[in-house]
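Thanks, everyone, for making the time this morning. Please have a look at the model on the screen, and then I will go through it piece by piece.

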Amino acid sequence: MWQRYRSVPLIYRITLAFVLGSAAGIAFGEQMTIVEPLGDLFLRLLNMLVIPIIVFTLLTGIRQLSPARLGKIGGATVGLYAVTTTIAGIIGLVVANVLQPGRGVEFAGGEASSQAPPSLTEVVLGIVPSNPITAMAEGNLLATVFFVIIFGIALTYVRAQQEELADRVDSVFEAFEIGAEAMFVIVRGVLEYGVIGVFALMAAGIGTEGIGVFSSLGELVLAVAIAVVVHITFTYLLLLMGVVADVSPLAFLTGSKDAMVTAFATRTSSGTLPVTMSNAEEDLRIKERIYSFVLPVGATANMDGAAIRQAITVVFAANVVGQPLALSEQVLVLIVVVLISIGTAGVPGAGIVMLTVVLNQIGLPLAVVGFVAGVDPILGRIATMNNVTGDLAVSTVVGKWNDAIDFDSGVWTQTSTDTGTVVSDDD
């Protein structure tokens with residue numbers, strides 16, 4: 001029986017738990033609060049993973065940025081990813097402020113912590129920790145991410161400048177990579193328990209709050225979908241393809257469709273990487289020296305979809321608890337989602353873990369996570385498709401800037417003429 005249960009994909013089991021928990025809450029009402037501790041345990045497990053998974057995943061990603069590759073290609077890659085992720089966060093907040101998902105829904109599953117909104121100066125100064133260990137122990141995300149990035153860059157510098165220490169530095173990176181893999185194992189275990197946790201959270205929440213909370217999730221999905229369409233159309237197709245790179249947006253979209261469909265089906269940027277590389281080489285005709293660097297870094301560090309969904313979900317959470325976010329708090333949300341997207345693993349379910357971090361930073365109740373988990377499979381598919389599209393968009397732009405795309409073959413000859421420089425095979 002256990003093997004048959006495990007053979008059913010996790011997303012289906014969590015979705016079923018979401019539906020059954022909601023049905024139980026509607027049918028039995030407040031009696032279902034008896035299972036609330038099972039949901040609280042799920043939230044504690046998620047909270048437990050936050051700092052370790054950020055530290056291990058960030059350092060594993062930074063390992064890709066060796067000084068030998070940083071130069072022109074590395075700088076352009078990291079810069080473009082930072083810009084597109086920032087734009088994604090802004091688009092998410094704009095769409096959320098226009099549509100206001102969750103407004104009018106009363107939620108008593110938790111209360112936001114009562115505190116004055118931080119000033120912009122406090123937000124900026126708070127990024128730099130006075131004690132990084134204390135920052136990690138207290139769950140201070142911004143300070144932790146800042147220190148880990150600086151530490152990771154310092155390790156790559158030591159590896160490049162001191163040859164006698166290079167092997168030891170690689171051993172340190174390998175240890176963190178092993179730690180990241182171990183954390184993914186734990187995440188999978190927690191998500192297995194999440195079937196029970198989501199059922200309990202939905203049963204207790206719907207039983208207490210009523211069907212209004214459930215119906216509001218459609219607004220959340222719609223808001224994320226609209227923001228992703230806007231981001232792909234404006235940022236990737238019009239801005240990057242049409243303005244920055246001066247190549248055909250239609251050709252790019254045609255050459256990226258396999259990776260986009262695969263990403264939507266699997267909900268994992270990392271798992272889609274072989275298909276993404278195949279599109280880059282065979283369809284978009286980008287040279288290996290470009291895509292072999294840009295795409296793996298993107299699978300780790302480019303999480304525009306995560307920035308969009310987290311920004312919108314935080315506004316959703318603030319609305320359902322009746323505490324709309326002030327401008328300074330929205331600036332904090334933007335900074336958090338941009339930084340946290342770097343540490344969001346490109347695997348299914350990681351977005352839920354990272355949402356826990358963002359809600360903690362803003363002082364909103366973690367109980368909202370249980371409701372969002374029910375539609376996480378849908379949000380994850382939309383966001384992952386966005387991420388993979390962004391990876392290929394940045395690869396195309398960097399390839400064009402470095403004369404590393406063959407515009408005489410692939411999709412470029414099917415949908416456009418005279419789009420750029422022909423590159424020889426030995427380039």
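Let me begin with a question: is R285 buried, partly exposed or exposed? R285 is partly exposed, with a relative accessible area of 27%, where buried means under 20% relative accessible area, exposed means over 50%, and partly exposed is in between, using a 1.4 Å probe and protein chains only.

Before going on, I should say that this is a predicted model, in which local features need pLDDT of at least 70 and side-chain atom pairs count only at pLDDT 80 or more, while totals for chains, interfaces and linings use all residues. Residues are numbered from 1 along each chain as its sequence is written, and side-chain values use heavy atoms, with hydrogens and water left out.

Now the overall picture. The protein has 18 helices and zero strands; helices (H or I, at least four residues) and strands (E, at least two) are DSSP runs, numbered from the N terminus. Of the 427 residues of the protein, 54% count as buried. If we take contacts, meaning heavy atoms within 4.5 Å, between residues at least 6 apart in sequence, then 81% of them join residues at least 24 apart.

Next, the interior. A nonpolar core here is a set of buried Ala, Val, Leu, Ile, Met, Phe, Trp, Tyr and Cys residues joined through side-chain atoms within 4.5 Å. The largest such core has 112 residues, and the members that touch the most others are L220, L359 and W412. Helix α17, residues 367–401, gives the most to this core, with 13 residues. Apart from it lies another core, of five residues, including A24, M32, V35 and A203.

Let me turn to one helix pair, α10 and α14. For α14, residues 304–320, the expected span is 1.5 Å times one less than its number of residues, so its 17 residues should span 24 Å, and the end C-alpha atoms are 25 Å apart, which agrees. Of the 17 residues of α14, 17 are buried, so this helix is largely enclosed by the rest of the structure. It is followed by G322, whose phi is positive, near 75°.

Its partner, α10, covers residues 217–244 and has a kink of about 30° centred on L238, the bend at a residue being the angle between axes fitted to the seven residues ending there and the seven starting there. Just after α10, D246 takes a positive phi of about 55°.

How do we describe the packing of such a pair? Two packed helices are described by the angle between their axes and the distance between the axes. For α10 and α14 the angle is about 140° and the axes are 10 Å apart, with axes taken as lines fitted to C-alpha atoms, for helices over the stretch in contact, and angles running from 0 to 180 degrees between N-to-C directions. The contact is made on the α10 side by residues including L217, L220, A223 and H231, and on the α14 side by residues including D304, I308, R309 and F316.

Some backbone details deserve a careful look. Most residues other than glycine have a negative phi. Q100, however, has a positive phi of about 50° although it is not a glycine; it sits in the loop between α4 (67–99) and α5 (120–126), and Q100 is buried, with a relative accessible area of 15%. R285, with which I began, has a positive phi of about 60° although it is not a glycine, and it lies in the loop between α12 (269–283) and α13 (288–301).

Finally, a few pairs that are separated along the chain. S248, in the loop between α10 and α11 (249–266), counts as buried at 12% relative accessibility, and its C-alpha lies 7.6 Å from that of W412, 164 residues away in sequence. F407, in the loop between α17 and α18 (412–415), is also buried, at 5% relative accessibility, and its C-alpha is separated by 9.1 Å from that of I286, 121 residues apart along the chain. V94 of helix α4 is partly exposed, with a relative accessible area of 48%, and V94 and A227 are 8.6 Å apart, C-alpha to C-alpha, with their positions 133 residues apart in sequence.
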